[in-house]
Amino acid sequence: MGVSEDMPTDFIQLKSEKLVISPYCGAVSLFIGTTRNNFEGKKVIHLEYEVYTSMAETEIKKICRDVGQKWPSVKHIAVHHRLGYVSITEASVIISVSSPHRAESLEAVMYCIDTLKVSVPMWKMEIYEDEYSWKENKECFWANSKK
């Protein structure tokens with residue numbers, strides 16, 4: 001089955017309003033992971049996420065502490081992950097990191113999403129047209145220990 005691609009779109013906005021809230025930070029880096037409409041040639045209808053909440057919160061807090069140690073200039077970190085039903089094009093995860101300079105916030109936001117996928121106990125079910133499949137992150141340590 002072929003899945004058609006969207007045409008690339010750029011969004012540009014010029015404003016005189018303030019863009020950065022913290023007076024200490026000159027950079028805010030943002031990662032938004034969205035639900036795409038295909039996986040390996042199959043049409044994805046939606047996703048469903050399940051999580052072991054207390055363990056996930058503990059692991060995400062650990063990620064934030066690690067960021068503070070690796071990049072001491074980072075001032076603010078926000079991690080939001082959807083649970084349950086997530087439609088196509090909707091965000092599954094949003095991570096934001098602010099710091100005085102862009103290099104630290106860009107590196108830290110990448111570290112956050114990569115480490116979240118490796119260490120946070122979260123499970124994703126992909127619902128296709130005629131079937132579904134539970135997915136584990138290929139990066140997570142428990143997926144690799146079974147092989």
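Is R82 buried, exposed or partly exposed, and what is its relative accessibility? R82 has a relative accessibility of 24% and is therefore partly exposed, where buried denotes under 20% relative accessible area, exposed over 50%, and partly exposed the range in between (1.4 Å probe, protein chains only). The model under analysis is predicted, and local features were accepted only at pLDDT of at least 70 and side-chain atom pairs only at pLDDT 80 or more, whereas totals for chains, interfaces and linings use all residues. Residues are numbered from 1 along each chain as its sequence is written, and side-chain values use heavy atoms, with hydrogens and water left out.

The protein chain contains three helices and eight strands, arranged from the N terminus in the order β-β-β-α-β-β-β-α-β-β-α. Helices (H or I, at least four residues) and strands (E, at least two) were taken as DSSP runs and numbered from the N terminus. Of its 147 residues, 32% are classed as buried. Contacts, defined by heavy atoms within 4.5 Å, link distant parts of the sequence: among those with a separation of 6 or more, 70% join residues 24 or more positions apart. The exposed area of the protein chain is about 10,300 Å², of which carbon and sulfur atoms contribute 54%. Accessible areas were obtained by the Shrake-Rupley method with a 1.4 Å probe, and for residues only the protein chains shown count as cover.

Helix α2 comprises the 18 residues 102–119, for which a rise of 1.5 Å a residue predicts a span of 26 Å; the end C-alpha atoms lie 25 Å apart, in agreement with that value. The expected span is 1.5 Å times one less than the number of residues in the helix. The buried residues of α2 include A108, V109, C112, I113 and L116. C112 has a relative accessible area of 1% and is thus buried. The cysteine sulfur closest to that of C112 belongs to C64, and because the two are 5.8 Å apart, the distance is too great for a bond. No disulfide, that is, no pair of cysteine sulfur atoms within 2.5 Å, was found in a search of the whole structure, the count being zero. C25, with 6% relative accessibility, is likewise classed as buried.

Three salt bridges are present in the structure, the criterion being a side-chain nitrogen of Lys or Arg within 4 Å of a carboxyl oxygen of Asp or Glu. Side chains of opposite charge can pair when their charged atoms come close. In one of these bridges, the closest N and O atoms of K62 and D66 are 3.3 Å apart. Both residues belong to helix α1, with a spacing of four residues, or about one turn of the helix. An α-helix has 3.6 residues a turn, so residues three or four places apart point the same way. K62 is partly exposed at 38% relative accessible area, whereas D66 is buried at 17% relative accessibility. R82 pairs with E90 at an N to O distance of 3.2 Å, and E90, at 31% relative accessibility, is partly exposed. The bridge between K124 and E126 has an N to O distance of 3.7 Å; K124 is partly exposed at 22%, while E126 is buried at 5%.

L83 occupies the loop between β4 (76–81) and β5 and is partly exposed, with a relative accessible area of 44%. Apart from neighbours within four places in sequence, L83 contacts Y49 and V51. The C-alpha atoms of L83 and V93 are 9.5 Å apart, with a sequence separation of ten residues.

Most residues other than glycine have a negative phi, and most peptide bonds are trans. E40, which is not a glycine, nevertheless has a positive phi of about 50°. E40 lies in the loop between β2 (38–39) and β3 (42–51) and is exposed at 62% relative accessibility. T89 also adopts a positive phi, of about 75°, without being a glycine. The loop that contains T89 connects β5 (84–87) and β6 (91–99), and T89 is exposed with a relative accessible area of 64%.

On the surface, Y52, M55, W123, Y132 and W134 form a nonpolar patch of about 560 Å². Patches consist of residues with over 30% relative accessible area and no salt bridge, like charges being joined within 9 Å and nonpolar side chains (Val, Leu, Ile, Met, Phe, Trp, Tyr) within 5 Å. M55 is situated in helix α1 (residues 53–70) and is partly exposed at 37% relative accessible area.
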